[in-house]
Amino acid sequence: MRVVVDLTKCQGYAQCAFLAPTSFRMQGDEALMYDPAPAEDQRERVQRAAAACPVQAIQIDRLSVHDMPPVHVVDRPSRIVVVGTSLAGLRAAEALREEGFTGSLTLIDGEAGEPYDRPALSKQALSGQVAPDATTLPHRADLDATWRLGVNAIGLDLAGRRIQLDDGASVPFDRLLITTGVRARPWHDPVEAALDGMFVLRTRDDALHLHERLALLAPYGAAARLGEAPGPLEARDADHTPRVLVIGAGFTGSEIASTCRSMGLDVTVAEAAATPLAGALGGVVGAVAADLHREHGVDLRCGVTVESIEGDADGHVRRARFSDGTTVDVAVVVAALGGVRNIEWLRDSGLAVGEWGVACDAGCRAFDANGLVLDDIFVAGDVARAPNAMFGYQFLALEHWANAVSQAEVAAHNMVSDESDRWPHLHMPSFWSLQFGVNIKAVGVPTFSDEVVITQGSVAERRFAAAYGYKGRLTGAVTFNHGKWLPFYARLIEQAAPFPPHFTTVDQPESMVPVPADVPDFKFLARDATVVVTGHDPSSRSASLRSAR
């Protein structure tokens, strides 16, 4: 039995925890934790919990299915290939069948196992509450697809409409969907990255290996909770307790720090910005996140970078050296430095690709290097960079669970639909994170802002809502343990409501005075492609990408 919960929808009503307490539980005031692979004898309880969910966020045995009439297409493809079988790729494949596509469907991915859910890896799987291999995503039994797992795509022949694989084979297609996502950004020094005790967290194997090491270091951690004797604490000396260093305090880094503290481990977090989550929520709300870290015993060091990781004579991680001249002895280092988009196999394909991903239009159709839209190549998920009409038509690459599902459904529909029946991807960005027992959720794009104001609740109590604005318009909202209000803010953002917001709700502070949002300037990170234009007349002029760097 497989279960997945859309936690961007979940509002913490907890009916599921009452009806199926062994499969669902609440952490903190409103954050839901769940078992993605409940025992079969729990099926009836889980089904009742899914039926009782007020927002229908629980999906059992497969992702949500939309009953739609068959699509009548003038030029229906007979062969569709999806490269990348994580959440976006799997959901697109299901949507294609739901749309009535009956042709050949091939799914290609470099990982050998079935598609799995990633958000649980930094929480339940890392702490040992569930096994990493229990995070397999539910999917339709009637998918009728050819799975090419454990093999990587290494090239795209646009003219010949073929995918080149690293096993020497090639796969033809009529339409192609690219959902190759991102991988963890590795530590910059390959010698240091090879030290025993250096980790990243992105894949199921990453979670398994990191959990095994953390369990060895935590005498009252996962091993003790399972009734097993902790393994040998080789990293413990007589003079200090094993310490975990997390480099980077974005969402993943902060969640790893939270999980490590829940396992009883000492944790140091190093963040180059002035606060955690500054790149996603700005410095004002990031300062609240910083207080959360410190209140839960994290040694948080902001405004510093890790200059080097030192190993001992046996090649084990031993010490970290910081830019402020300080050092700390560590047993485990986790580099949580964000993601690298998996686009290398497309560099010579003629598509508009770069470190920012694969550019596409609002209908998920890829651009070529000339900026022309291609009708047979589509993009979805973390690797896609598409214009968002609600945010100044800026090209945004959103690494969010809900965006991957929504964009995959739009791409699938458009791949098998007539031009007159195509959909635009107008999804409202939304994301969530669980840290130190606090449920952090957001809608819109908080960093597309110049001001922020607390509109409800109490920052001191870690239960509040904050609204973001840009040039007099509401553009985003974030809540700490106040997620039930987010649909209200999402509707206001879609309606281009004014900022500061003018409404009366419960739990408003006496004064709502906006302050600068303290959003980092990301212009230097844009890394726009260097385009070389050749030819002399309209019939011969073309553009090519010189390099992504």
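Which residue forms a salt bridge with Asp299? The partner is Arg301, and the closest N and O atoms of the two are 3.0 Å apart. Asp299 itself counts as partly exposed, because its relative accessibility is 27%. Please keep in mind while reading that this is a predicted model.

## Salt bridges across the chain

Let us stay with charged pairs for a moment. Side chains of opposite charge can pair when their charged atoms come close. The structure holds 29 salt bridges. One of them brings together the side chains of Lys123 and Glu255, with an N to O distance of 3.0 Å. This pair links distant parts of the chain, as its members are 132 residues apart. Lys123 sits in the loop between β6 (104-109) and α4 (124-127), while Glu255 belongs to helix α8 (residues 251-262). Both Lys123 and Glu255 are buried.

A further salt bridge joins the side chains of Arg365 and Asp375, at 2.8 Å from N to O. Arg365 lies in strand β24 (residues 365-367) and Asp375 in strand β25 (residues 373-379), so this salt bridge ties together parts that are 10 residues apart in sequence. Are the two partners buried or exposed to some degree? Arg365 is buried, because its relative accessible area is 19%, whereas Asp375 counts as partly exposed at 41% relative accessibility. Elsewhere, salt bridges with shared partners join Arg91, Glu94, Glu98, Arg140, Asp142 and Glu409 into one network.

## The bend in helix α9

Helix α9 (residues 278-295) is worth a look in your viewer. How far does α9 span between its end C-alpha atoms? The span is only 18 Å, whereas a straight helix of 18 residues would span 26 Å at 1.5 Å a residue. There is a bend in α9 of about 95 degrees, located at Val284.

Several residues of α9 are buried, including Gly282, Gly283 and Val285 around the bend position, as well as Ala278, Leu281 and His293. Just after the helix comes Gly297, with a positive phi of about 85 degrees.

## Strand β26 and its partners

Strand β26 (residues 384-388) is mostly covered, with 5 of its 5 residues buried. With strand β23 (residues 357-359), β26 pairs in the parallel sense over 2 bridges. Here Val358 has Ala384 of β26 as its bridge partner. With strand β27 (residues 394-396), β26 pairs in the antiparallel sense over 3 bridges, and Pro387 has Phe395 of β27 as its bridge partner.

The strands β26 and β27 form a hairpin with 5 residues between them. In the turn, Gly392 has a positive phi of about 65 degrees. Tyr393 also lies in the loop between β26 and β27, and this residue has a positive phi of about 55 degrees although it is not a glycine. Is Tyr393 buried or exposed? Tyr393 is exposed, because its relative accessible area is 59% and the cut-off for exposed is over 50%.

## Asn342 and its surroundings

Asn342 is placed in the loop between β21 (339-341) and β22 (353-354). Which backbone oxygen does the side chain of Asn342 reach? The side chain of Asn342 comes to 2.8 Å from the backbone oxygen of Thr180. Apart from neighbours within four places in sequence, Asn342 is in contact with Thr180, Gly181, Val182, Arg183 and Val383. Asn342 counts as buried, because its relative accessibility is 17% and buried means under 20%.

## Around helix α1

Towards the start of the numbering, Ala14 is found in the loop between β1 (3-5) and α1. Phi of Ala14 is near 75 degrees, which is a positive value in a residue other than glycine. Ala14 is buried, with a relative accessible area of 16%.

Ala17 lies in helix α1 (residues 15-19) and is also buried, at 18% relative accessible area. Which residues does Ala17 touch, not counting those up to four places away in sequence? They are Phe24, Arg25 and Met26. The C-alpha atoms of Ala17 and Tyr34 are 8.9 Å apart in space, and the two residues are 17 residues apart in sequence.

## A cis peptide bond

One last backbone feature involves a proline. Phe499 and Pro500 are joined by a cis peptide bond, with omega of about 0 degrees. Pro500 is found in the loop between α11 (486-494) and β33 (515-516).

Methods:
Residues numbered from 1 in each chain as written. Predicted model: local features only at pLDDT ≥ 70, side-chain atom pairs only at ≥ 80, totals over all residues. Heavy atoms only, no water. Helix = DSSP H or I, 4+ residues; strand = E, 2+ residues; numbered from the N terminus. Buried < 20%, exposed > 50% of the residue type's maximum accessible area, 1.4 Å probe, protein only. Contact = heavy atoms within 4.5 Å. Expected span 1.5 Å × (residues − 1). Bend = angle between axes of the 7 residues up to and from the residue. Salt bridge = Lys/Arg side-chain N within 4 Å of Asp/Glu carboxyl O. Polar contact = N/O pair within 3.5 Å; in protein donor to acceptor, adjacent residues only side chain to side chain. Pairing = 2+ DSSP bridges.
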